[in-house]
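Can we go through this protein together? I'd like to talk about its salt bridges and its core.

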Amino acid sequence: MNYRPLSLVAALFAALCPVNVMAADEASVPVKVTAPIEAKPIPALSFFLVNDNRLTYAYDFAYRSPGTIGPGTKHVLAFTHFDTWAYGSNSVNFYVGKNSHAEPAAGCSLPDRGCTGVTEYGYQFKSTFGFNEIFETKAFSIGPLRNVELAVAGYDALKNSSGGIDRTAVQVGLQFPFQLPYKGYFTIAPQYYKAWQYLSAYTAAANQPAYPGVPNGWLDYNGTWWIDIGYYMDLGFLPDYLPLSISGRYFIFGPMGTGAKPGSLPAVFMPETKMEFNGEPIRLTLDFSKLVWGPQYSHYTDVWIAYKYRYNTYGFDNKTSPLCARNACEISEAYAGVTVKF
């Protein structure tokens with residue numbers, strides 16, 4: 001019998017179906033089985049692209065208010081929040097200020113007579129909505145102009161002075177942010193401004209029998225224009241061991257009328273308001289934490305000094321209003337502080 005064809009078939013079968021024969025010692029070695037690779041879940045994106053919170057203490061060296069006979073000092077503590085999200089930004093500032101005896105609190109009509117100074121509370125907020133982000137375009141970026149934004153803002157400030165000042169305001173308009181060197185920016189925002197103000201002295205109709213007085217003491221001012229200007233820039237041309245930056249913010253208000261109906265009070269108590277200037281033209285900031293601990297801690301602790309200027313405070317005419325005697329409606333001073341990020 002010829003076995004040659006059978007051997008050829010067996011060889012072909014062995015080539016197609018090889019058998020792995022392992023020695024006893026090799027069979028005892030465990031075989032590592034690799035599990036299939038699983039795709040890692042994509043982490044959820046944070047709603048806020050930037051979330052910044054800071055606490056500030058500031059000291060005013062020569063603060064003034066309408067009706068005071070001279071400058072005094074002021075301590076301020078403030079909390080500031082800033083964030084950016086897909087369509088814009090939000091900022092909120094809460095503050096409390098304590099003045100010296102030069103501006104006495106309610107219940108004491110004369111300064112420096114042992115009375116405590118006024119306490120001031122307030123908050124400010126501002127939100128922007130970028131047209132580039134809303135319309136998914138770059139059409140609103142031209143040269144140094146980075147965007148065009150809708151800006152909405154407002155504030156409320158209360159002082160427990162003898163006049164019981166409480167002003168509430170809202171603003172809405174456009175904001176134009178521009179790029180500056182060294183990652184800086186400059187913004188200008190022309191807006192519509194509407195304010196209401198409470199002065200307890202305006203409710204004293206009993207002392208002015210010929211006049212009806214102002215209902216509940218609230219003045220309802222005419223809507224007017226407002227310009228909000230701000231800037232920031234690192235002084236990047238300086239050496240690394242001198243991490244300084246400059247910034248500033250300034251508001252200009254248009255005239256708001258008297259806030260009261262004609263004949264409500266004597267003209268001396270309800271003068272026509274004037275254009276008001278209010279802000280901080282320049283602030284010089286030292287990035288103290290970067291200087292001491294390195295760039296990874298940049299702006300965790302800032303030490304700064306600034307110049308403040310305000311004219312025609314609350315719209316009162318500094319030249320003619322009785323409340324502005326001795327230039328009480330003009331503030332021109334330096335103040336300083338420290339800001340900590342957390």
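Here are a few questions and answers on this structure.

Me: Before we start, what kind of model is this?
Reply: Residues are numbered from 1 along each chain as its sequence is written. Side-chain values use heavy atoms, with hydrogens and water left out, local features need pLDDT of at least 70, side-chain atom pairs count only at pLDDT 80 or more, and totals for chains, interfaces and linings use all residues, as this is a predicted model.

Me: How many salt bridges does the structure hold?
Reply: A salt bridge here is a side-chain nitrogen of Lys or Arg within 4 Å of a carboxyl oxygen of Asp or Glu. R54 and D52 make one, at 2.7 Å from N to O. In total, the structure holds 13.

Me: How far apart in sequence are the parts that R54 and D302 tie together?
Reply: Their side chains meet in a salt bridge at 3.8 Å, N to O. R54 sits in strand β1 (50-63) and D302 in strand β12 (301-311), strands being DSSP E runs of at least two residues, numbered from the N terminus. So the pair ties together parts that are apart by 248 residues.

Me: Is D302 buried or exposed?
Reply: Buried means under 20% relative accessible area and exposed over 50%, with partly exposed in between (1.4 Å probe, protein chains only). D302 has a relative accessibility of 7%, so D302 counts as buried.

Me: Which residues join R54 in one salt-bridge network?
Reply: R54 bridges to D52 and also to D302. Through shared partners, the network that includes R54 joins D52, D302 and K341.

How values were computed. Helices (H or I, at least four residues) and strands (E, at least two) are DSSP runs, numbered from the N terminus.
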